[in-house]
Amino acid sequence: MSSIRIDTDFVALGHNNNAWNVVQCRSEFDQMLLNHARSTGASVYEQTKVESIAFSSADPGRPISVSWTHTPPPRKLEYRPHAWRNSFDYLIDATGRAGILSTRYFKNRHFNASLKNIAVWGYWRNVGEYGTGTPRHGSPWFEALTDESGWAWFIPLHNGTTSVGVVMNEKIVKSASDFSYSAPSYAGSGYRIVGDAGAFIDPFFSSGVHLAMTSALSAAATISASIRKHCSESVAAEWHTRRVSISYTRFQVVVLSAYKQIRSQSNDILSDIDEDNYDRAFSFLRPVIQGASDMGARLSETELQKSLDFCVNLFNPTTPEQHERISRRNDVARQLLDIAAPVVDPSVLEDTLNVGHAFYGDSAEDPANSSDCEKAIETRMVLNKINARRVVHPEYAINNLELEPLDGYVVKLARGRLGLTRSS
């Protein structure tokens with residue numbers, strides 16, 4: 001099985017333009033979060049399983065109580081589960097891929113036909129290291145398989161082990177595992193759904209923890225908003241659904257763009273993209289991709305493919321050194337290097353770069369012009385990568401839920417006053 005490199009070095013964009021990911025055993029990270037919740041006053045029950053959820057007879061869509069069993073640590077003579085039942089005002093479903101509300105009760109989970117993949121991975125010791133003798137020594141490594149069937153990862157961990165895995169289409173490995181899914185709703189009267197319990201994307205972009213944290217903060221803020229009467233419960237629930245859907249759709253389009261490059265083909269993906277969510281997530285991109293005069297009222301497959309072609313620049317194989325060189329040049333406008341600036345029309349960017357036939361025609365074959373040609377290609381790759389990164393950059397601001405209004409509201413992040421507030 002042969003492979004080629006895919007670039008996912010977002011540090012190349014500069015340390016001020018990235019959200020850092022601490023690579024360690026996921027179980028340790030989960031335990032840290034659990035311990036923190038306990039230290040802030042949450043009642044934590046381990047070895048506990050939810051058996052069923054009861055709904056209101058007056059409002060059939062509102063959960064009101066949960067039945068659960070707790071299995072205590074084994075003792076000499078007694079070792080049997082204890083059954084309990086609790087009522088509540090609000091329920092947050094964080095049951096991971098099991099997704100109790102979505103799968104068992106609402107039955108609204110939708111599997112993404114374009115990302116029906118299966119992952120196989122393991123943890124290894126005494127393996128080689130990537131980038132020895134270079135600034136990238138010890139960095140993770142990702143490769144696209146040259147038969148266009150998927151991709152592989154090689155991620156060193158802090159404890160001396162290395163995670164090695166491969167993601168391939170289920171048809172090729174003759175196994176079924178619906179790897180990517182979402183739902184039309186993630187909230188309702190008295191409940192919120194967060195993390196993998198509601199939606200999951202192929203791990204190519206490592207977006208799982210980000211989406212879990214974003215949806216968890218959204219759930220906390222919208223429940224607080226409802227309790228504090230910042231808005232009605234129906235408005236708060238709809239805000240949560242839209243917040244989760246927008247974040248999911250942004251990463252979904254980026255991941256699909258990577259797979260389009262890996263597979264070197266354009267699969268029909270219109271059926272996998274919710275048009276309303278796309279409009280909200282990429283409102284700033286549609287006019288750039290289509291041109292305001294040509295943009296139809298409805299989303300088209302052609303427009304989606306153009307979006308993928310734009311986003312694939314996010315994976316341009318650039319290095320931090322290349323970005324540093326471009327930033328020092330006086331002939332490159334500062335706005336083109338600002339990742340927080342608006343997306344630039346690719347045709348305008350191309351004209352600005354003046355990269356055209358002059359660099360790729362006969363003149364490029366002249367050794368005297370080769371340095372200028374290489375410089376132009378490097379500039380083009382760097383600026384196109386920055387421009388594409390702007391698609392998902394709103395997700396990475398530490399206060400992005402305060403900055404991005406939905407239905408006229410933003411999150412109010414203030415200790416003791418968490419909720420929603422009208423956007424200015």
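This dialogue discusses how to read burial, contacts, salt bridges and a surface patch in a predicted model.

Me: Where does Thr161 lie in the chain?

Reply: Thr161 sits in a loop, between strand E9 (150-156) and strand E10 (162-169).

Me: Is Thr161 buried or exposed, and why?

Reply: The term depends on relative accessible area, and a residue is called buried when this value is under 20%. Thr161 has a relative accessible area of 9%, so it counts as buried.

Me: Which residues are in contact with Thr161 when its neighbours within four places in sequence are left aside?

Reply: Under that restriction, the contacts of Thr161 are Trp124, Arg125, Ile155 and Pro156. In addition, the side chain of Thr161 makes a polar contact of 2.6 Å with the side chain of Asn159.

Me: How should salt bridges be read, and how many does a search of the whole structure find?

Reply: The general idea is that oppositely charged side chains can pair when their charged atoms come close. In this structure, the search returns 13 salt bridges.

Me: Which residue meets Arg38 in a salt bridge?

Reply: The partner of Arg38 is Glu46, with an N to O distance of 3.0 Å between the side chains. Arg38 has 36% relative accessibility and is classed as partly exposed. Glu46 is likewise partly exposed, at a relative accessible area of 41%.

Me: What does the salt bridge of Glu233 with Arg192 link?

Reply: In this salt bridge the closest N and O atoms of Glu233 and Arg192 are 3.0 Å apart. The pair links distant parts of the chain, for Glu233 belongs to helix H5 (residues 233-263) and Arg192 to strand E13 (residues 191-193), 41 residues apart. Both Glu233 and Arg192 are buried.

Me: Which residue forms a salt bridge with Arg329?

Reply: Asp331 does, and the N to O distance between the two side chains is 2.8 Å. Asp331 is exposed, with a relative accessible area of 59%.

Me: Which residues are joined into one network by salt bridges that share partners?

Reply: Arg243, Arg250, Glu395 and Glu404 form that network.

Me: Which residues make the nonpolar surface patch of about 220 Å²?

Reply: Leu33, Val209 and Met213 make this patch. One of these residues, Leu33, is placed in helix H1 (residues 26-39). Membership of a patch requires over 30% relative accessible area. Leu33 has a relative accessible area of 38% and is partly exposed.

Conventions: Residues are numbered from 1 along each chain as its sequence is written. This is a predicted model: local features need pLDDT of at least 70, side-chain atom pairs count only at pLDDT 80 or more; totals for chains, interfaces and linings use all residues. Side-chain values use heavy atoms; hydrogens and water are left out. Helices (H or I, at least four residues) and strands (E, at least two) are DSSP runs, numbered from the N terminus. Buried means under 20% relative accessible area, exposed over 50%, partly exposed in between (1.4 Å probe, protein chains only). A polar contact is a pair of N or O atoms within 3.5 Å; within protein, one must be able to donate a hydrogen and the other to accept it, and residues adjacent in sequence count only if both atoms are side-chain atoms. Contact means heavy atoms within 4.5 Å. Patches are made of residues with over 30% relative accessible area and no salt bridge: like charges are joined within 9 Å, nonpolar side chains (Val, Leu, Ile, Met, Phe, Trp, Tyr) within 5 Å. Accessible areas come from the Shrake-Rupley method with a 1.4 Å probe; for residues, only the protein chains shown count as cover. A salt bridge is a side-chain nitrogen of Lys or Arg within 4 Å of a carboxyl oxygen of Asp or Glu.
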